[in-house]
Amino acid sequence: QGIRSEIGFSDWLAYSKGAGMRFRTRPPGVVVGPVSAGTLNLSLACTRAKRLAGKPLKFTLTGPHMLAKTLHDLHYRSAEKLAHAIAEVLAAQVRHLDADVIQLDEANLPGHPEEWKWAAESINKVLKAVPKKAKAAVHLCFGNYGGQSIQKGTWAKLMDYLNALAVDHV
């Protein structure tokens, strides 16, 4: 809730001028009010996946930093504030997941290592909600959106970030 999926021309135009999002042709949504769970039900999706799994289940979800960077934000007007709001919503849902590994996909951070402090804080809100019987994981990459490399950087710039994560494996 607080995010609309209808993308108008003015939304698209403003989004296309944003730094770091040139690889996307349009935003996945527009933040127009306070973010809340709305109809999001990660537990239902996880339960369905677990029923189908013949082996231990790794359940993945997009993390708060990645979501905050890809959405077009007209409400918080700050990727950091939006990431923390999203993290609260995700943490409330993650507490109820029944999976062996719960993984946050944070593919955007390697291209923006200067954001590591607030990104790690928001990501850790979600990771700390992972049930004790599950392993917490984070996925990172330098990008392969549609077969093209979209980010550049070095692992050296990410070491403080990696060490700040409350995670079992990366």
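Let me start with valine 101, whose bridge partner in strand β6 is lysine 135, and please keep in mind as we go that what we are looking at is a predicted model. On the β3 side, valine 101 of β5 is the bridge partner of lysine 58, and that gives us a good place from which to look at the strands themselves.

Strand β5, which covers residues 101-105, is joined by five bridges to strand β6, residues 135-139, and these two run parallel. Strand β3, residues 58-62, also pairs with β5 in the parallel sense, again over five bridges. How much of β5 is covered? Four of the five residues in β5 are buried, so to speak of this strand as mostly covered is fair. If we now follow the chain from β5 through helix α5, residues 116-127, and on to β6, these three elements make a right-handed β-α-β unit.

Let me turn to helix α1 and the surface. Phe9, Trp12 and Leu13 form a nonpolar patch there, and together they have about 300 Å² of accessible area. Leucine 13, one of these residues, is found in helix α1, and it counts as partly exposed because its relative accessible area is 32%, which lies between the limits of 20% and 50%.

Finally, a word on confidence: the protein chain averages a pLDDT of 90, and 90% of the residues score at least 70. Which element has the lowest mean pLDDT, and which the highest? Helix α1, residues 9-16, has the lowest, at 89, whereas helix α4, residues 79-94, has the highest, at 98.

Terms used:
Residues numbered from 1 in each chain as written. Predicted model: local features only at pLDDT ≥ 70, side-chain atom pairs only at ≥ 80, totals over all residues. Heavy atoms only, no water. Buried < 20%, exposed > 50% of the residue type's maximum accessible area, 1.4 Å probe, protein only. Pairing = 2+ DSSP bridges. Right-handed = clockwise from strand over helix to strand, strands pointing away. pLDDT = per-residue confidence, 0-100. Patch = residues over 30% accessible without salt bridge, like charges linked within 9 Å, V, L, I, M, F, W, Y side chains within 5 Å. Areas by Shrake-Rupley, 256 points an atom, 1.4 Å probe, with all protein chains shown as cover. Salt bridge = Lys/Arg side-chain N within 4 Å of Asp/Glu carboxyl O.
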